[in-house]
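Work through the exercises below with the sequence and the model at hand. Each task is followed by a solution in steps.

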Amino acid sequence: MRPVRQSLLAGGLATLATAVTLGLAPGAAVAAPAPRISVNWFGTADVPAHTATVGGRYACGAERGLAYIEVHLDQRVRRGSITGFGFGVIGACTDDRTGGTWTANIPADRGAFRGGPATAIARLVVEPNSLTETTEPLRLVRHCARH
């Protein structure tokens with residue numbers, strides 16, 4: 001054999017070994033989809049009520065069970081930050097309901113959320129033991145009540 005062909009054969013065997021190791025061989029099991037959560041780019045700030053409302057999308061993946069969203073919101077202001085915690089109720093991840101949208105109303109711990117940039121940490125919890133988290137920037141837009 002020529003040396004060029006031996007190196008081609010060696011390269012091909014190495015590629016095949018890598019594919020088998022990674023589970024890319026024909027008939028290999030495919031991993032179940034993981035749960036996902038995202039936060040919308042915009043939320044609303046209701047200054048008189050000292051609350052913010054944020055939302056997003058979720059996907060249960062292969063998880064099934066009772067599900068809810070936890071949201072921590074942080075907004076930097078002149079001399080500190082405004083923080084708050086709230087829940088978004090989903091109900092359950094079932095074979096018929098594997099994803100959708102969520103909304104959470106978040107009361108401020110102290111002070112009031114205002115229009116401007118903020119950061120949300122959103123967690124999708126699917127009972128009994130699944131947790132998916134994301135940290136995303138968003139912009140709060142001041143909510144104007146109509147009279």
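**Exercise 1. The disulfide**

Which residue does a disulfide join to Cys60?

Solution. The model is a predicted one. Searching the whole structure gives 1 disulfide. This disulfide links Cys60 with Cys93, with an S to S distance of 2.0 Å. Next, place the two ends: Cys60 sits in the loop between β3 (51–59) and β4, while Cys93 belongs to strand β5, so the pair ties together parts that are 33 residues apart in sequence. The angle about the S-S bond is -70°, and the link of Cys60 and Cys93 is left-handed. Finally, check the surroundings: both Cys60 and Cys93 are buried.

**Exercise 2. The overall layout**

Find how many helices and strands the protein chain has, and state their order.

Solution. Counting gives 1 helix and 8 strands. Along the sequence, the pattern reads α-β-β-β-β-β-β-β-β. Turn next to burial: the protein chain has 147 residues, and 32% of them count as buried. For the contacts, take those with a separation of 6 or more; residues 24 or more positions apart account for 67% of these. As for the surface, the protein chain exposes about 9,700 Å², and 57% of this area is supplied by carbon and sulfur atoms.

**Exercise 3. A pair of strands**

In which sense do β4 and β5 pair, and over how many bridges?

Solution. Locate the strands first: β4 covers residues 65–77 and β5 covers residues 80–93. Their pairing is antiparallel and runs over 13 bridges. The connection between β4 and β5 is a hairpin of 2 residues. For one of the bridges, start from Gly65: its partner in β5 is Cys93. Cys93 is also an end of the disulfide with Cys60.

**Exercise 4. Two strand residues**

Decide whether Thr51 and Gly43 are buried or exposed, and list what each one touches.

Solution. Begin with Thr51, which is part of strand β3. Buried means under 20% relative accessible area. Thr51 has 14% relative accessibility, so Thr51 counts as buried. Leaving out residues up to four places away in sequence, Thr51 touches Thr44, Ala45, Asp46, Asn105, Ile106, Pro107 and Phe113.

Gly43 lies in strand β2, which spans residues 42–46. With a relative accessible area of 7%, Gly43 is buried. Under the rule that leaves out residues up to four places away in sequence, Gly43 touches Thr53, Val54, Leu138, Arg139, Leu140 and Val141. The C-alpha atoms of Gly43 and Asn105 are 10.0 Å apart in space, with their positions 62 residues apart in sequence.

**Exercise 5. Residues at the surface**

Which residues make the nonpolar surface patch of about 390 Å²?

Solution. The patch is made by Trp41, Phe42 and Val141. Val141 belongs to strand β8, residues 130–142. The relative accessible area of Val141 is 40%, so Val141 is partly exposed. Val141 is also among the residues that Gly43 touches.

Now take Pro128, found in the loop between β7 (116–126) and β8. Exposed means over 50% relative accessible area. Pro128 has a relative accessible area of 70%, so Pro128 is exposed. Along the chain, Pro128 and Leu66 are 62 residues apart, and their C-alpha atoms are separated by 7.8 Å.

Methods
Residues are numbered from 1 along each chain as its sequence is written. This is a predicted model: local features need pLDDT of at least 70, side-chain atom pairs count only at pLDDT 80 or more; totals for chains, interfaces and linings use all residues. Side-chain values use heavy atoms; hydrogens and water are left out. Patches are made of residues with over 30% relative accessible area and no salt bridge: like charges are joined within 9 Å, nonpolar side chains (Val, Leu, Ile, Met, Phe, Trp, Tyr) within 5 Å. Accessible areas come from the Shrake-Rupley method with a 1.4 Å probe; for residues, only the protein chains shown count as cover. A salt bridge is a side-chain nitrogen of Lys or Arg within 4 Å of a carboxyl oxygen of Asp or Glu. Helices (H or I, at least four residues) and strands (E, at least two) are DSSP runs, numbered from the N terminus. Buried means under 20% relative accessible area, exposed over 50%, partly exposed in between (1.4 Å probe, protein chains only). Two strands pair if DSSP finds at least two bridges between them. Contact means heavy atoms within 4.5 Å. A disulfide is a pair of cysteine sulfur atoms within 2.5 Å.
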